[in-house]
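Visitor: I'd like to learn how to read pockets in a protein model. Could you walk me through one?

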Amino acid sequence: FGKVWLMFAQFEIRQRNLTAARKILGTAIGKCPKPKLFKGYIDLELQMREFDRCRKIYEKFLEFDMSNCNTWIKFAELESILGDTDRARAIFELAISQPLLDMPEILWRAYIDFEVEEEE
């Protein structure tokens, strides 16, 4: 069902109505939060270079499902790409402190790779 919401938002984008597309995706996430909707909304905001909006959507995504390691990793990667290593590190720290994670081994691997890349 999430696909219909995404297609509706894409239609509005083709009509050059970004505000309506954002409202549609916000409504969709409010009514039936699904990972695919969050990812689609994040992709849209990344294309528009609206990084603050991406952060807010990632925060909402993690409120919805804190156990999703891929979301934690993608959020930290976004911060790393934007050059905010302290924020990326804080996201990783927050992620590993969660009591329940779906795939903790990939989260730890990503965190270790991040630290090796930062040479700390």
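**Reading the pockets**

Guide: Happy to. Keep in mind that this is a predicted model. The general idea goes like this: rolling a probe the size of a water molecule over the atoms shows where empty space is left.

Visitor: What volume does the largest pocket have here?

Guide: The largest pocket holds about 220 Å³ of space.

Visitor: And which residues line the largest pocket?

Guide: Going along the chain, the lining takes in K39, I42, D43 and L46, then Y58 and F61, and finally N70, T71, K74, E77, L78 and I81. The elements giving two or more residues to that lining are α3 (35-47), α4 (51-64) and α5 (69-81). Of these, α5 gives the most, with 6 residues.

Visitor: How does the lining of the largest pocket split by class?

Guide: You get 6 nonpolar, 2 polar and 4 charged residues.

Visitor: Now the runner-up. What is the volume of the second largest pocket?

Guide: About 160 Å³ for the second largest pocket. Its lining is made of I73, A76, E77, S80, F92, R109, A110, D113, F114 and E117.

Visitor: Which elements supply at least two residues of that lining?

Guide: Both α5 and α7 (104-118) do. The largest share, 5 residues, comes from α7. By class, the second largest pocket's lining has 5 nonpolar, 1 polar and 4 charged residues.

Visitor: Where do the two linings meet, in terms of residues?

Guide: Look at E77: this residue lines the largest pocket and also appears in the lining of the second largest pocket. E77 lies within α5 (69-81), a helix that contributes to the largest pocket and to the second largest pocket.

Notes
Residues numbered from 1 in each chain as written. Predicted model: local features only at pLDDT ≥ 70, side-chain atom pairs only at ≥ 80, totals over all residues. Heavy atoms only, no water. 1 Å grid on protein atoms, 1.4 Å probe; cavity = no way out; pocket = protein on both sides within 12 Å on 5 of 7 lines; lining within 4 Å. Points joined across faces, edges and corners; volume = space filled by probe spheres on them. Helix = DSSP H or I, 4+ residues; strand = E, 2+ residues; numbered from the N terminus. Nonpolar A, V, L, I, M, F, W, Y, C, P; charged D, E, K, R; others polar.
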